[in-house]
Every structure is written in structure tokens, then in C-alpha cells.
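Here are a few warm-up exercises on reading interfaces and local surroundings from a model. Try each task before you look at its solution.

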Amino acid sequence: MSANFYKILTILVLFSSAAIADENAKGMKLFNEKAMCATCHTMKAAGSKGNVGPNLDTLKPTVAQVKDIVTHGLGAMPAFGEDGLLTPEEIDTVSIYVAKNAGK
Amino acid sequence: MKKRKSNINPSRRKFLTGSATVAGVAAASALVPIKVSYANHTASDAKGLPGFIKWKKRSSLIIHSDKTMETHREAIGSSVITPIRHIYIRNNMPTMTDAQIGKKSQWKLKVEGVKNPKTFTLSQLQNLGRTTMATVLQCSGNGRGFFPHKPRGSQWKTGAAACVMWTGIPLSTVIKACGGLSGGAKYVTATGSDMPSNLDPKKALVERSVPVKVKKDAMLAWEMNGVALPNAHGGPLRFIPPGYFGINNVKHCGKIAFTKDQSQVKYMKKSYRISPIGKKGSQYPSCWEMPVKSWITSPMKRSSSGNVSISGVAFGGTRKVSSVSVSTDGGKNWKKAKLIGPDLGKFAWRQFVFNAKLKPGKYNIASKASAGGKSQPKLRMENRRGYAHNGWRDHSLNISVS
């Protein structure tokens, strides 16, 4: 393997881990601010202590589960997707964020 | 999740198999499923009870989340009234704490839509009138876990139901104390005081309207199975319109209004509507009166050959159960079961027993109740949110006799 290959690989790894950290920060911001998940849900990683909906640290939902419920809503939970409260990209970001951080 | 052995429910079986092959992918997760570790209290990583219901009996409950849990099918018991430590929990808002409630005797109930609108304290109500009544309390989504399209929400099987003895004041006595209705009322609208103040009432207030005819039998309860109504079940005061689904039994009740229109909040207008799959809206029927239903609670899995006592519970919503039939061959033949135990009135459930002579082998046992001229259907009524399931086939059990 050439030295160049390792250089490129190192750059790629650094770049992608920075991108992941960035996505995580975006997810947390959505969770606590725009989507206001924190008002109703407890999730330690986000520092939230809401008590209306289920505790996400206990529930540990998958990305698909979060996405589904955020899109369509349930009971007091708004339909963030159907009602246009979040963009599809924002729903992806916050869903990945919750699935990754719940229970941590 | 347990796998069913027989082919009595091919659609469900197909679903289970399908979801297993794509585990982790979206198809498996259009809901919040019961994880085995939650369901089985004996699992090493079984979840404990959350603080607000520490007094419940863990081994009698299946935990769906830290806010929702149902009674194990066999933990309903066979003494008609469900033990309070076994009763399911499904609260739309966080349970009010003692601090939020304050002095219970001073809890306030506002009454509107009457000739003389008044606000009563709990202790005033307790000195105004009294009655005791048994009713079946059942979540609208009880049985949702049987729907193959996997509706969102807790995957209840049979355990989001209980038979409860309530003590409180008849609604009719309250109306009389307020000089009668002011006229034109079509609904009784009950409001919970449990919504946290940072939420929007239009979206999160638990306020339910039921037809005004319920005033004949409805009550406001402060006691449940002989103890002061626990906060987790809506204490200190809960509205009980007997025969109506759980959501209408408004917890932490702070207001009763006799109204011309149904409440405009989300919990009335949009949620709890029985709509076809893929459709929603307030034009569809609300979860009000419960349809006739029954299920077997014993034996659950196996039995010794010879005489086998098959027993369970049956109720008719607002109608008295007239009969229950039992089948041991997946519904090909039905025989009449015997109604046993005390008859606690048409709003309570009845216990039934059927003594079958069974040789060693596999059996599918089912029960079918009738009330008010209607019998349970074989199949579920498919609907978007998985409400009001009373089909007998999904509620049947596969047992082995040795």
C-alpha cells in the first residue's frame, strides 16, 4: 500500500468522525429546541427530564421506530412529519440521534 | 413473543415470520414492540416498576414502557374483581403527585351546564351521596397486539382490562344538587386536571365527551376496590361512565360539563377514532361503548387429560352478558359454558367455566360471549389504530393435553 493511500484514509476517517459529531450536535439541538422532545421525554444524553411520554432511556427505540412516531404522532405527541413541523431531513437527524443516544 | 403452533391464525403467523426475517429493518418496527425482556418478569434484564407504581405486583404485569403495563392473562384471577396490584396502567398524562394534588379532601370539581353551576370539594361530594358499582375498565386498544398491520401504540393483548369496584357519588345526585341540567345538553364532558401547564390544552388536555344518556348510571369515584383511589388510577376523583372504554373514565377529574357539542381537544376530536386502515378524522366513531367480549384465562398452555375446567371472563359493555360458549376445536363446535360467581351487575364481567373431557393432544380453545342480542365476531374489526378488538379467534389459546 502506498503512503498516499494511508494519508487519504486518515483524512477520510477524520472527516467522517467530524461529520458524525456534527450530526449528533444537530440531533441534540433539534431534540431540545425545534422539536422540543425534551419537554415530554427523559433522555439522559440530552439532559432532558420530561415526564409526559415514555422515558427514552428505558424504551431504547430503533431509528425506524422513532421516525415512524415522529412522522405520524400518537396521542399528545404531535405528527411532526404529517403536519410539516420538521423537514424529512430533520426527522432523519433526530431519529438517528435518539436511537443512538437513548439508554446512554 | 410466543409463537403460535396451530394454523388458526395464518395472517398473524405470517406476520411474525416475516418480521423475524427482517429484524432491525423498518418493517419490524412500525410500533413500539414488546421486548421479551420487558414482558417476562423472570428475565435477567427484566425492567422494574417505575416509581409511581412501585406498589404494584411486578410478576403480574407485562411492562411495555415506563408508563404502560398490562396484566398477565392469568393474573386476572378468578374472583371477579381484579386485585388492585395487578391492574393495568395506561395514563395519557403523567400521574399527578401528592404534592400536585394537595389536600385530597379539598380537591375541586367544577360542574357546568346545570341550572346552578357550582364547585364542590371532595369532602362535600362525599357527604352529598354515595354509591358502589362494579365496572369493566378496558383500554380502547386492548387487543391491539393481535392486529397484523401493527398499529402504533402499546401492543396490548388481553391485559389492558380489569373488573373494578368503585365507590363514589352518582352523577345524577350531583346534577340534582345543582338544580338539574340547564337544557340542550347532548354530552357529558369530563376534564382531567392532570395536564402539565407547559403543554397546549388543544393538543394534550384529556377532555372527553360521552352521550348525555350516561348520566343515568355514571358516577364520580374516590374509592377503588376498597382503598382510596390511587393517584396512578386517577385519584382522588375519577369520572366513571360504565360500559365505556377507559379513555372516557377521566382521571384526576376537575370538571364535569353538560354540553351541546363534543370537546374540541385532540383527545376527543382526533384521537380514539375508529377509522379504516389508512384513514383518519373526526367523522369516524369515537371509542365509546365497549362491544361484547370474552377470553379464557385458564388453562393457559397445558393440562392433564380427563376433566379440564376451561374458565375465563365475559362482559357486554353496557349490556348484560346473556351467555358464553366455549369451543375446544378452533370454533367448529360450540358448547354453552356456565356463568359462575356473583353477578355484580351488567357493567361488571362474569366468570364462566366449561368442563371438557379432553384426551391427550393439541387443542385450540376459544370463548364467545353474547350480550344484548349480539355475539362476538370471529374476526377482528380491522381499523387504523387497532381499537375495540373483540373477535374470538385472536383471543383463543393453543393448549396441549398430556
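**Getting oriented**

Chain B holds seven helices and 23 strands. Keep in mind that this is a predicted model. Of its 402 residues, 58% count as buried.

**Exercise 1. The fold of chain B**

Task: Work out what share of the contacts in chain B with a separation of 6 or more comes from residues 24 or more positions apart, and find which domains the assignment gives.

Solution.
- Step 1: take the contacts in chain B with a separation of 6 or more; residues 24 or more positions apart account for 70% of them.
- Step 2: look up the domain assignment, which gives domain 1 of chain B as 20–269 and domain 2 of chain B as 293–401.
- Step 3: place the two domains relative to each other; their centres, taken over C-alpha atoms, are 26 Å apart.

**Exercise 2. Domain against domain**

Task: Describe how domain 1 of chain B meets domain 2 of chain B, starting with the number of residues in contact.

Solution.
- Step 1: count residues. Domain 1 of chain B brings 36 and domain 2 of chain B brings 29.
- Step 2: get the area. The size of an interface is often given as the accessible area lost when the parts come together. Here the two domains of chain B bury about 2600 Å², with carbon and sulfur atoms giving 62% of that.
- Step 3: see who pays most on the domain 1 side. B:Arg73, B:Val80 and B:Phe147 lose the most area to domain 2 of chain B, and together they make up 27% of what that side buries.
- Step 4: check the polar terms. The rule finds zero salt bridges between the two domains of chain B, but there are 13 residue pairs in polar contact, both residues at pLDDT 80 or more.
- Step 5: map the domain 1 side onto secondary structure. Strand 6 (131–138) and strand 7 (161–170) of chain B each supply at least two residues, and strand 6 of chain B gives the largest share, five residues.
- Step 6: sort that side by class, and you get 17 nonpolar, 13 polar and six charged residues.

**Exercise 3. Chain against chain**

Task: Do the same for chain B and chain A, and find which residue of chain A forms a salt bridge with B:Lys280.

Solution.
- Step 1: the contact takes 28 residues from chain B and 23 from chain A.
- Step 2: about 2000 Å² is buried between chain B and chain A, 55% of it on carbon and sulfur atoms.
- Step 3: now the charges. The rule finds two salt bridges across this interface. One of the partners you're after is A:Glu82, which pairs with B:Lys280 at 2.3 Å between the closest N and O atoms.
- Step 4: add the eight residue pairs in polar contact between chain B and chain A, again with both at pLDDT 80 or more.
- Step 5: on the chain B side, helix 6 (201–204) and helix 7 (266–269) each supply at least two residues. By class, that side has 12 nonpolar, seven polar and nine charged residues.

**Exercise 4. One leucine**

Task: Why does B:Leu379 count as partly exposed, and where is B:Leu379 found?

Solution.
- Step 1: B:Leu379 is in the loop between strand 22 (374–375) and strand 23 (397–401) of chain B.
- Step 2: its relative accessible area is 47%. Buried needs under 20% and exposed over 50%, so B:Leu379 lands in between as partly exposed.
- Step 3: list its contacts. Leaving aside neighbours within four places in sequence, B:Leu379 touches B:Gly391 and B:Arg393.
- Step 4: check one C-alpha distance. B:Asn390 is 11 residues from B:Leu379 along the chain, and their C-alpha atoms are separated by 7.9 Å.

Definitions and conventions:
Residues numbered from 1 in each chain as written. Chains lettered and ligands numbered in written order. Predicted model: local features only at pLDDT ≥ 70, side-chain atom pairs only at ≥ 80, totals over all residues. Heavy atoms only, no water. Domains from an automatic or database assignment. Contact = heavy atoms within 4.5 Å. Buried area = accessible area lost by both parts, 1.4 Å probe. Salt bridge = Lys/Arg side-chain N within 4 Å of Asp/Glu carboxyl O. Polar contact = N/O pair within 3.5 Å; in protein donor to acceptor, adjacent residues only side chain to side chain. Helix = DSSP H or I, 4+ residues; strand = E, 2+ residues; numbered from the N terminus. Nonpolar A, V, L, I, M, F, W, Y, C, P; charged D, E, K, R; others polar. Buried < 20%, exposed > 50% of the residue type's maximum accessible area, 1.4 Å probe, protein only.
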